[in-house]
Amino acid sequence: MGRLKTLLIYSASRLCIAPLMLWIISTLVFILLRIAPGDPVDAILGNRADLIAKDALREQLGLNKTLIEQYFIYIINLFHGDLGEALINKEPVVEIIQKALPATIELSLCALIIAGLIGISIGLSGIAKPEGKTDLAGRLYGITTYALPPFWAAMIIQFIFAVYLGWLPIGGRFPPYLVQPEQTGYFILDSLMSRDWVNLQGALRHLILPAITLGILLSGIFSRSLRLNLSKELKAGHIEATRSRGINETRVVLAHALPNSLLPVLTIAGITIASLIGGALLIELTFSWPGIAMRLQEAINQRDYPVVQGIVVVIASLVVLISIVVDIIVACIDPRVQY
Amino acid sequence: MNLSQRLAGCGAFILFVYMGVAILVPLITALGYLPDPNSGLDNPIYAPPSFDHWCGTDRLGRDVCVRTLQASGVALQIVFFAIFLGVLLGVPIGILSGYLGGGLDRCLVLIMDTLYSVPVLLLSVVLAFLLGRGILNAAVALCVVYVPQYFRVVRNQTAQVKSELYIEAAKSMGAGPLWIIRKYLFRNVITSLPVLLTLNAADAVLVLGGLGFLGLGVPESVPEWGSDLHMALSAVPTGIWWTALYPGFAMFGLVLGLSLLGEGLEIFITDRK
């Protein structure tokens with residue numbers, strides 16, 4: 001069978017699993033929300049609420065129907081992209097997510113770029129002299145960034161650079177005295193498109209601290225996986241062959257070993273997305289970044305079931321989809337991947 | 001002494017210190033030499049570190065040092081309990097799924113893979129949100145995250161081992177499935193767990209802190225690093241650093257100790273192979 005054909009079959013099979021996984025996630029969330037001890041109505045209104053009020057809310061939430069009926073309504077609504085309404089202000093959950101998601105994506109993408117840059121340079125500097133001081137420091141860096149509680153690191157950075165030194169704003173996403181651009185929801189992109197340099201500067205100043213914090217926390221994963229793969233790659237036969245042809249070491253590493261070791265790092269990046277979202281969640285809260293995590297926490301505090309349910313289903317689905325896409329991209333680039 | 005031993009030694013030492021603190025501090029508090037972590041009415045609020053309060057006091061006048069020390073016991077208990085629960089659920093399901101194979105196996109693998117791909121924190125946030133606050137609840141919310149991981153490792157190992165010759169031999173001598181699972185598979189599979197257990201414990205400390213930071217997890221009366229840090233967050237803009245520094249540093253230390261131990265064990269095991 002030709003390579004293209006196997007690749008297509010692989011991609012198709014991965015994509016076929018996606019709806020199945022999304023279905024499992026949404027079903028799990030549904031089951032969890034229903035079997036959990038305690039009545040959501042009690043949780044929202046309190047134990048001593050009026051019976052009529054309770055019944056009204058139960059009907060509004062569709063909880064007076066049988067479980068099977070509820071499940072089918074829920075799944076059919078999901079198919080139509082309807083995640084219900086917030087209990088607090090009747091805002092459609094889809095709109096809440098649409099408003100909050102760009103902020104999270106902007107932060108995550110910037111953090112991912114920073115993490116990649118720092119991680120790859122640390123991983124590369126370690127390989128120059130294996131088991132040397134730089135290498136050991138790089139390894140320690142990897143473990144340390146993993147062990148740092150994200151919100152604590154964020155608080156310390158916030159304290160030093162925003163409170164003590166006063167160089168950058170302490171939180172938020174945009175200077176309160178400027179008018180927020182309202183095109184795509186990505187402030188950096190919007191300001192660039194409208195060539196509004198004042199806005200761009202404001203948005204960047206707010207972005208720097210959270211993005212660097214998240215970037216540093218994630219860079220450890222990149223540097224570790226790159227270091228591991230590079231040292232494995234440098235022992236391979238073709239590297240030995242390039243060396244014996246007298247090519248200098250820098251070129252051997254950069255031109256021959258690095259491209260091969262970057263692919264596993266790409267796979268790691270796919271997996272990292274999941275922890276990225278966990279980390280972003282906590283860092284958003286520390287820096288009052290108005291993304292999806294802030295909304296999730298608000299919803300948790302208000303015990304707003306539909307919003308919690310919607311946000312969880314959407315984030316989990318996004319993560320699953322991204323990891324599948326990364327798998328397919330890696331398979332496309334790398335002919336060695338077995339599938 | 002090589003690198004792996006040094007790493008593992010460092011990690012074990014740190015873990016040992018935390019365990020000592022976890023056991024001794026409640027005892028000393030019970031004897032009355034240390035103030036109760038929840039009593040703060042007699043103290044000034046937000047007092048900076050001084051001789052009376054080594055790490056200062058928080059918004060309610062509670063001693064940050066005592067709370068930070070007390071919380072290490074809470075964290076260790078919850079995390080160990082969560083990991084124990086995770087193993088208790090994940091390992092048997094994994095062995096059964098790997099041993100039986102077929103449709104059940106495929107279904108379980110798909111479900112566990114899906115669970116595995118959901119962000120760790122998100123999964124426990126949902127559970128903690130549903131279960132409400134409580135020490136046991138927090139442990140359950142954490143354990144669900146790790147069940148898929150043990151399942152994967154154990155299931156793959158079982159599927160690999162079950163086609164070995166000695167299992168075949170045992171079968172031909174009339175050993176039943178339970179006997180094979182108990183005598184051969186379980187012992188074979190369990191060896192791959194220690195590294196994962198330590199690394200997961202490190203991760204669990206962070207997730208527990210994350211839950212506390214989000215206002216979930218343990219009840220408010222129980223000192224916990226994450227919820228203390230959440231309380232400290234609102235004080236950071238006013239320049240109060242001591243409520244944030246110490247609990248976070250304690251958490252960092254415990255995670256670092258567990259990661260070093262796990263790292264050392266991993267290098268040790270791969271070297272031996």
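In this predicted model, domain 1 of chain A touches domain 2 of chain A through 14 residues, which meet 11 residues on the domain 2 side. The domain assignment places domain 1 at residues 18-79 and domain 2 at residues 98-333. Measured out as a distance between C-alpha centres, the two domains of chain A lie 35 Å apart. The area buried between them comes to about 1100 Å², and carbon and sulfur atoms give 83% of that figure. As for charged pairing, the count between domain 1 and domain 2 of chain A is 0 salt bridges. Polar contacts fare no better in the tally, with 0 residue pairs (both at pLDDT 80 or more) between these two domains. On the domain 1 side, helix H1 (3-35), helix H2 (40-45) and helix H4 (67-79) of chain A each put at least two residues into the surface that touches domain 2. H1(A) gives the largest share of that side, with 8 residues. By residue type, the domain 1 side divides into 12 nonpolar, 1 polar and 1 charged.

Next comes the contact between the two chains. Here 47 residues of chain B and 46 residues of chain A take part. The size of an interface is often given as the accessible area lost when the parts come together. For chain B and chain A, that buried area is about 4100 Å², with 83% of it given by carbon and sulfur atoms. The search across this interface turns up 1 salt bridge. Arg224(A) and Glu263(B) pair their side chains in a salt bridge, 3.1 Å from N to O. The interface between the chains also holds 3 residue pairs in polar contact, counted with both residues at pLDDT 80 or more. Several helices of chain B each supply at least two residues to the side that touches chain A, namely helix H3 (102-117), helix H4 (120-131), helix H8 (193-213), helix H9 (225-233) and helix H10 (242-272). Of the chain B side, the largest share comes from H10(B), at 11 residues. Sorted by type, the chain B residues that touch chain A are 35 nonpolar, 9 polar and 3 charged.

Helix H10 of chain B is also home to Glu266(B). This glutamate is partly exposed, at 36% relative accessibility. Glu266(B) and Pro194(B) sit 72 residues apart in sequence, yet their C-alpha atoms are 8.9 Å apart in space. Once neighbours within four places in sequence are set aside, Glu266(B) is in contact with Val195(B) and Leu199(B).

Over all chains, the whole structure contains 7 salt bridges. One of the pairs found within a chain is Lys99(A) with Glu91(A), whose side chains come to 2.8 Å, N to O, in a salt bridge. The partners sit in contrasting settings: Lys99(A) is exposed because its relative accessible area is 60%, above the 50% cut-off, whereas Glu91(A) is buried because its value of 15% falls under 20%. A salt bridge also joins the side chains of Arg62(B) and Asp58(B), at 3.1 Å, N to O. In this pair Arg62(B) counts as buried, at 7% relative accessibility, and Asp58(B) is likewise buried, with a relative accessible area of 7%.

Helix H12 of chain A brings another pair into view. Glu298(A) and Arg295(A) meet through their side chains in a salt bridge of 3.3 Å, N to O. The two residues are 3 residues apart in helix H12 (residues 292-301) of chain A, so about one helical turn separates them. Glu298(A) is partly exposed, at 35% relative accessibility, and Arg295(A) is partly exposed with a relative accessible area of 24%.

The loop between helix H11 (249-286) and H12 of chain A contains Ser288(A). Most residues other than glycine have a negative phi. Ser288(A), however, has a phi near 45°, a positive value in a residue other than glycine. Ser288(A) counts as partly exposed, at 37% relative accessibility.

How values were computed. Residues numbered from 1 in each chain as written. Chains lettered and ligands numbered in written order. Predicted model: local features only at pLDDT ≥ 70, side-chain atom pairs only at ≥ 80, totals over all residues. Heavy atoms only, no water. Salt bridge = Lys/Arg side-chain N within 4 Å of Asp/Glu carboxyl O. Buried < 20%, exposed > 50% of the residue type's maximum accessible area, 1.4 Å probe, protein only. Helix = DSSP H or I, 4+ residues; strand = E, 2+ residues; numbered from the N terminus. Contact = heavy atoms within 4.5 Å. Buried area = accessible area lost by both parts, 1.4 Å probe. Polar contact = N/O pair within 3.5 Å; in protein donor to acceptor, adjacent residues only side chain to side chain. Nonpolar A, V, L, I, M, F, W, Y, C, P; charged D, E, K, R; others polar. Domains from an automatic or database assignment.
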